[in-house]
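Here are a few short exercises to help you find your way around a new structure. Try each one before reading its solution.

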Amino acid sequence: MVSLIPKIQGVDSIKDYRPIVVANFKFKIISKILANRLALVATRIIPPNQYEFVQSRQIQDCIGIAYEAINCFLKRLEEVMWLTKLIFIKPLTL
């Protein structure tokens, strides 16, 4: 069902009306109410390692954590490689 609401007073033509679909309007209101109620308990329901659908969490946090994890891994890998070089080069020089 489509309803026409006037944009201004004293409408002269069809261009002065704003069409609104009334059928979906009820569903939009109901879904908005349910979403607001669910948002109150979402932080308790959704585990802390999931970052979607929770207002206080952002996907950029995951990117930062992944960057730090990769950086830490590469530093440890570099230390292991340095230690491996030291172990193999030292016996050859003796």
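**Exercise 1.** Which element of the protein has the lowest mean pLDDT, and which the highest?

*Solution.* Keep in mind that this is a predicted model. Start with the layout: the protein has two helices and two strands, and from the N terminus on they run β-β-α-α. Now compare the elements: helix H2, residues 59–93, has the lowest mean pLDDT at 77, while H1 has the highest at 82. For the protein as a whole, the mean is 78, and 85% of the residues reach 70 or more. Where pLDDT is low, the predicted coordinates shouldn't be read in detail.

**Exercise 2.** Work out how much of the protein is buried, and what its contacts look like along the chain.

*Solution.* First, burial: 5% of the 94 residues count as buried. Next, the surface: about 9,100 Å² is exposed, and carbon and sulfur atoms supply 66% of that. Last, take the contacts with a separation of 6 or more: residues 24 or more positions apart account for 0% of them.

**Exercise 3.** Find the residues that form a nonpolar patch on the surface, and say which strands supply at least two of them each.

*Solution.* The patch is made up of Val2, Leu4, Ile14, Tyr17 and Val21, which together have about 470 Å² of accessible area. Strand E1 (2–6) and strand E2 (17–21) each supply at least two of the patch residues. Zoom in on leucine 4, which sits in strand E1. Its relative accessible area is 46%, so leucine 4 is partly exposed.

**Exercise 4.** Is aspartate 16 buried or exposed, and which side chain of opposite charge is nearest?

*Solution.* Begin with the location: aspartate 16 lies in the loop between E1 and E2. Aspartate 16 is buried, yet it has no salt bridge. The nearest side chain of opposite charge belongs to lysine 7, 6.6 Å away, whereas a salt bridge needs the charged atoms within 4 Å. Leaving out residues up to four places away in sequence, aspartate 16 touches Ile5, Pro6, Lys7, Ile8 and Val11.

**Exercise 5.** Locate threonine 43 and list what it touches beyond four places away in sequence.

*Solution.* Look in helix H1 (residues 23–45), where you'll find threonine 43. With a relative accessible area of 42%, threonine 43 is therefore partly exposed. Setting aside residues up to four places away in sequence, threonine 43 touches Val54 and Arg57. Finally, check a distance: the C-alpha atoms of threonine 43 and glutamine 55 are 8.6 Å apart, with the two residues 12 apart along the chain.

Notes:
Residues numbered from 1 in each chain as written. Predicted model: local features only at pLDDT ≥ 70, side-chain atom pairs only at ≥ 80, totals over all residues. Heavy atoms only, no water. Patch = residues over 30% accessible without salt bridge, like charges linked within 9 Å, V, L, I, M, F, W, Y side chains within 5 Å. Areas by Shrake-Rupley, 256 points an atom, 1.4 Å probe, with all protein chains shown as cover. Helix = DSSP H or I, 4+ residues; strand = E, 2+ residues; numbered from the N terminus. Buried < 20%, exposed > 50% of the residue type's maximum accessible area, 1.4 Å probe, protein only. Contact = heavy atoms within 4.5 Å. Lys, Arg positive; Asp, Glu negative; His and termini not counted. pLDDT = per-residue confidence, 0-100.
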